[in-house]
Each structure stands twice: as structure tokens, then as C-alpha cells.
Amino acid sequence: MELRSQGMSDTGVLSAIERVPRELFVPEAFQDQAYENIALPIGAGQTISQPQIVAEMTSALELGPRLKVLEIGTGSGYQAAVLSYLCRRLYTVERHRTLAEEAEARFQQLRLSNIVMLVGDGSEGWPAQAPFDRIIVTAQAAMLPDVLLGQLREGGVMILPMVEKGRAQKVVRLRRTAEGVEKETLMDARFVPLLDGLPPVE
Ligand code: SAH
């Protein structure tokens with residue numbers, strides 16, 4: 001209801017959000033805040049995004065039931081769960097094994113059988129499964145990620161938070177066309193950084 005009143009009118013996205021119990025994706029200590037429109041900590045210094053940002057980024061991705069989608073930064077798995085209702089198959093990559101394992105358990109509990117997970121460095125994408133129709137990055141990149149763009153099908157769309165030199169963080173939409181890449185700036189954002197490599201042994 002709150003997302004609707006904030007202007008979100010994409011009914012497909014709203015119904016996917018309605019189907020995902022957010023309390024399952026936040027630590028017990030924050031469960032009473034699971035339905036507030038705020039980001040919350042999930043461990044390993046990471047956060048589950050604000051529902052409004054999840055809704056807006058999902059809507060901007062122009063999903064469809066036949067599409068193959070790559071997410072970088074599984075985190076709690078909440079965004080992945082929402083995406084999984086709106087695409088054919090979701091591939092998601094997380095660099096923290098502990099977060100990945102917790103997310104995987106949630107996908108099983110919710111019987112989300114069209115999500116495939118990889119523990120690894122998402123900056124490298126998922127070459128074995130490329131190309132993708134859609135790519136969503138849920139950690140902030142410092143530059144245009146050429147490797148990921150290379151795994152995006154022509155006509156495909158990629159959404160990511162980015163910081164351009166000296167500017168505030170913004171969510172941008174990249175569209176891969178026959179001629180190259182089109183870029184649009186969509187909204188303000190506050191994501192944790194996309195880090196290189198894997199964390200020290202957990
Ligand atoms: N989509 C998540 C929120 C993501 S927070 C949710 O709905 O809960 C950003 C996540 O990106 C964190 O879990 C962080 O560990 C992960 N991350 C950061 N850099 C990464 C990288 N290079 N590869 C894969 N995951 C990365």
C-alpha cells in the first residue's frame with residue numbers, strides 16, 4: 001500500500017513484492033521493522049535494500065516471463081525472490097558464502113525453484129551462463145562494468161547503481177543496442193560498494 005501511495009504503479013512488480021515475505025529475509029532482531037520502507041542490516045556489513053528501491057529497480061528492468069536474468073549481489077536474497085516471480089530463470093552471484101547459504105535456504109523454504117546461485121566475484125558475471133536478457137547489480141559500481149555488458153544480449157537491459165567522478169550515487173539503466181550502449185540516469189541510490197574478489201575465509 002505504501003509503495004502504491006509513493007507512486008509505484010507497476011502491478012506486476014507490486015504483486016511480486018506482495019508474494020515475498022520480507023520478514024524471512026531480515027535478522028530476527030529487525031523483524032518488527034521488516035515491512036517498513038527502509039534498508040536493514042543483514043550481517044557481513046551488508047544491507048537488504050529499501051522496498052521502494054527494490055520495486056523501482058525491478059520495474060525499470062522491464063522483465064518478462066521468458067527472460068533470463070543475472071543479479072550481482074544476492075545479499076539476503078530478497079531482491080532475487082522478487083525477480084524470480086517475474087522472469088523465467090534468475091542467476092544470482094554473491095561473494096559472501098555465509099550470506100549465499102542463508103539466501104539459498106530461504107529460496108528453498110519459499111520453493112523458488114527458478115533461482116540458481118553462485119558464490120563468486122560478480123564483477124566477472126557468470127560467463128558459463130551468458131548471454132543474459134537482463135542484468136541487475138545491487139552494489140555500487142565505480143565505472144561502467146564492461147565485463148557484465150559483454151554478457152548482456154543485444155536488446156538487453158542492465159540496471160545498476162553507479163558513482164561517476166565526483167557525483168552522487170545514481171541508479172542508471174544501460175540498453176545494449178546494435179550500435180552500442182545507451183545510458184539513462186534514473187534515481188538517487190545508496191548501495192554498498194561492489195568489491196573485487198572474494199572476502200577472506202569466513
Ligand atoms: N540484493 C540484496 C542487497 C544487496 S547488498 C538484497 O535484496 O538483500 C549488496 C550485496 O552485494 C552484498 O551482499 C555484497 O556482499 C554483494 N557484493 C559486493 N560486491 C560483490 C561482488 N563483487 N560479487 C558478488 N557480490 C558482491
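**Close-up views**

**View A: Polar contacts hold the spotlight around the ligand.** A polar side-chain atom of Glu-71 sits 3.3 Å from one of the ligand's nitrogen atoms. That makes a polar contact (a pair of N or O atoms within 3.5 Å). This is a predicted model, so to speak of local features we need pLDDT of at least 70, and side-chain atom pairs need pLDDT 80 or more, while totals for chains, interfaces and linings use all residues. Residues are numbered from 1 along each chain as its sequence is written, and side-chain values use heavy atoms, with hydrogens and water left out. Gly-122 has a backbone N or O atom 2.7 Å from a ligand nitrogen. For Leu-195, a polar backbone atom is 2.5 Å from a ligand nitrogen. On its own, the ligand has 590 Å² of accessible area (Shrake-Rupley method, 1.4 Å probe), and the protein covers 99% of that.

**View B: Meet the shell around the ligand.** There are 27 residues around the ligand, each with a heavy atom within 4 Å of it. Which of them come nearest? They are Ser-76, Glu-94, Asp-121, Gly-122 and Leu-195. Strand S2 (46-48) gives the shell its largest share, three residues. Helix H4 (78-84) and strand S4 (89-94) also give two or more residues each. These elements are DSSP runs, with at least four residues for a helix and at least two for a strand.

**View C: Arg-173 pairs with Glu-62.** Side chains of opposite charge can pair when their charged atoms come close. Here the closest N and O atoms of Arg-173 and Glu-62 are 3.3 Å apart, forming a salt bridge (a Lys or Arg side-chain nitrogen within 4 Å of an Asp or Glu carboxyl oxygen). The partners are 111 residues apart: Arg-173 is in strand S8 (residues 170-176), and Glu-62 is in the loop between helix H3 (51-60) and strand S3 (68-72). The whole structure has seven salt bridges.

**View D: Two backbone oddities turn up in loops.** Most residues other than glycine have a negative phi, and most peptide bonds are trans. Ala-44, though, has a positive phi of about 55 degrees, and lies in the loop between strand S1 (40-43) and S2. The peptide bond joining Ala-130 and Pro-131 is cis, with omega about 5 degrees. You'll find Pro-131 in the loop between strand S5 (115-119) and strand S6 (132-137).

Conventions
Polar contact = N/O pair within 3.5 Å; in protein donor to acceptor, adjacent residues only side chain to side chain.
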